[in-house]
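Visitor: Could you pick one spot in this model and take me through it up close? After that, I'd like to see how it sits among the other parts.

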Amino acid sequence: MTIDNSDRSKTIAKNTIVLYIRMIFVLGVSLYTSRVLLDVLGVEDYGVYNVVGGIVTMLGFFNGAMVSSTQRFFSFAIGQNDLKQLCLNYSTILIIQVGLALLILLLAETAGLWFVNNYLVIPAERLNAALWVYQFAVMTFIVTILQVPFTAMIITHERMKAFAYISIADIIMKLLVVIALPIVHYDKLIIYAELLFFIALLTFITYVVYTRIRFKHVKYVKEKNRTLFRTLTSYMGWNLWGNAAAVIMNQGVNILINLFFGPAVNAARAIAYQVQSAVNQLVANFQLAMNPQIVKSYASNDLNYMHSLIIRGSKLSFFLIFTLALPVSIETEFLLSIWLKDIPQHAIQFTILVMILACIDSFSGTLMVAAQASGRIKLYQSVVGGLLILNLPLSYIALKLGSSAETTMYIAITISLLALYFRLRIISPLVGLKGKMFLMGSILPSSLVAISSIAFSLTIKYNLQIQSQINSIIVILITVISTIIFTMVIGLTREEQSFIKTRVFKKQ
């Protein structure tokens, strides 16, 4: 590494550490609140909340497209040190975001509301509560849409401490809501959705105030730039397709499960995805710190450093998720029994399959950012989005033929493997990254670590002759430690080992 690149890598490491401190707190609170919420609401109401909220989340592909697009254009302008362009991007995106919020509100109150009333499987006595939950979920989602430019401004300027503090405040408020929920005498499901909306509104106001104070150089300008508007809307349009496919792959299947099996299985699937969300926080924080650097490196034409970030970021993302996913998969029942009072049927199987899916998807994070950085996303979004959206019709056919709910996960895993292959094939020529370099630098060492860790951990698990709970604790500890050792010895190059020892753990 050059001195400059080493400094940038140190910035990524420092930001990652800050985000990990946030993650540990948020993770602990999230897991606790999920446990209490399931207990307070009950399996049926918890399933109703997740499936009704899922209708609004399906509209989230609009928001997802805006998030990736906003961060890309902000980071690109910063990478080129172009303040005027940054202000133009900011102003144009604000206008688009308000228009998008109004469009989503229209869709939610027409097509979305019609679907909730006519197709979701909801007990008759809970339909009124479900409609209230839906309305508060819509309002919460509108607020998060309007928040995107302000959150993106903080992330692209790499002010991760502020992002962490605001996130922690947000999760503390949600914790207080869950703690207070048992003493509420009115319908707990409705009150919970209502309070989440007010928390989202307060968080939005905090982001707006912080960015207006901290980034005074970024100002709203009234200048109309039709070329930029067309560029942004075209870029976002293709991102809309890609994000819609990803959302449909997840939430669309959630609705199918509701139609075929009812809210109870939705609750089991929700538990599994809650575990996945917790594990994904590891890689999400790491990639959040890395993503601006990938785009900025491309903008400044530093492709060698960009390639190293893509490969190393992909590999390290896998290691971060796999280190937790493996013990969770091996001791799923034990961990869920500690977390939950009662484990919903299907939750164990869903959790194991979701962990496999998370490990596969972890390779794609930096590749997706590289595609966004290039700005040439038409082919990428067309092919990958087309693959992802196949999950819905294939799952429907499988369920219609009488397959189990878990079959939807096997389909998702197969499609994710195909999507990873096509991502690499399409992105490689866009940013000058050789496919062989990615395979040798990321996929191969990751596979070797996975095979070694799984074989070693299963050998320990099935040869220990100790009391059940103690056995599970020992297996978890040995699995985590052995995976870290295999990662350091097999997965990392000498340069990467040296960087971790001298930069990440070095006292500042």
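Guide: One bit of vocabulary before we zoom in: a residue is buried when its relative accessible area is under 20%, exposed when that area is over 50%, and partly exposed in between. Keep in mind, too, that this is a predicted model.

Our spot is E44, which sits in helix 1, residues 3–58. Its relative accessibility is 39%, so E44 goes down as partly exposed. Now look at what comes up against it. Setting aside residues up to four places away in sequence, E44 touches P123, E125, R126 and P263. There's also a C-alpha pairing to find here: E44 and A264 are 220 residues apart along the chain, yet their C-alpha atoms are separated by 5.8 Å.

How does that fit with the chain as a whole? Take the contacts between residues at least 6 apart in sequence: 85% of them join residues at least 24 apart. The fold has 18 helices and 0 strands. Of the 508 residues, 56% are buried. The accessible surface comes to about 22,500 Å², and carbon and sulfur atoms account for 66% of that.

Some of that surface is a nonpolar patch. Its members are W114, Y119, V121, L259, F260, F261, L390, L394, Y396, I397 and L401, and together they offer about 1,000 Å² of accessible area. Helix 7 (226–261) and helix 14 (391–400) each give the patch at least two residues. L401 comes from the loop between helix 14 and helix 15 (407–431). With a relative accessible area of 71%, L401 is over the 50% mark and therefore exposed.

Carry on along the chain from L401 and you get to helix 15, which has 25 residues. From its first C-alpha to its last, helix 15 reaches 36 Å, close to the 36 Å expected at 1.5 Å a residue. Just after helix 15 comes G432, with a positive phi of about 75°.

Glycine isn't alone in having a positive phi here. N301 has one near 65° without being a glycine, and its place is in the loop between helix 8 (263–299) and helix 9. N301 is exposed, at a relative accessible area of 61%. H346 is another non-glycine with a positive phi, about 80°. You'll find H346 in the loop between helix 10 and helix 11 (347–362). Its relative accessibility is 21%, which makes H346 partly exposed.

Now for the charges. Side chains of opposite charge can pair when their charged atoms come close. How many salt bridges does the structure hold? There are 2. One joins the side chains of K174 and D170, at 3.2 Å from N to O. Both residues belong to helix 5 (residues 160–180) and are 4 residues apart, about one turn of the helix. In an α-helix there are 3.6 residues a turn, so residues three or four places apart point the same way. The partners fall into separate exposure classes: K174, at 29% relative accessibility, is partly exposed, while D170, at 14%, is buried.

K461 and E331 also form a salt bridge, and their closest N and O atoms are 2.9 Å apart. This pair links distant parts of the chain, 130 residues apart: K461 is in helix 16, and E331 is in the loop between helix 9 (303–330) and helix 10 (332–339). E331 has a relative accessible area of 6%, so it counts as buried.

Stay in helix 16 (residues 435–461) for one last stop, S457. At 1% relative accessibility, S457 is buried. A polar atom of its side chain lies 2.8 Å from the backbone oxygen of S453. Leaving out neighbours within four places in sequence, S457 contacts L326, I330, T479 and S482. Set that beside our starting point: S457 is buried at 1%, whereas E44 is partly exposed at 39%.

Conventions: Residues are numbered from 1 along each chain as its sequence is written. This is a predicted model: local features need pLDDT of at least 70, side-chain atom pairs count only at pLDDT 80 or more; totals for chains, interfaces and linings use all residues. Side-chain values use heavy atoms; hydrogens and water are left out. Patches are made of residues with over 30% relative accessible area and no salt bridge: like charges are joined within 9 Å, nonpolar side chains (Val, Leu, Ile, Met, Phe, Trp, Tyr) within 5 Å. Accessible areas come from the Shrake-Rupley method with a 1.4 Å probe; for residues, only the protein chains shown count as cover. A salt bridge is a side-chain nitrogen of Lys or Arg within 4 Å of a carboxyl oxygen of Asp or Glu. Buried means under 20% relative accessible area, exposed over 50%, partly exposed in between (1.4 Å probe, protein chains only). A polar contact is a pair of N or O atoms within 3.5 Å; within protein, one must be able to donate a hydrogen and the other to accept it, and residues adjacent in sequence count only if both atoms are side-chain atoms. Contact means heavy atoms within 4.5 Å. The expected span of a helix is 1.5 Å times one less than its number of residues.
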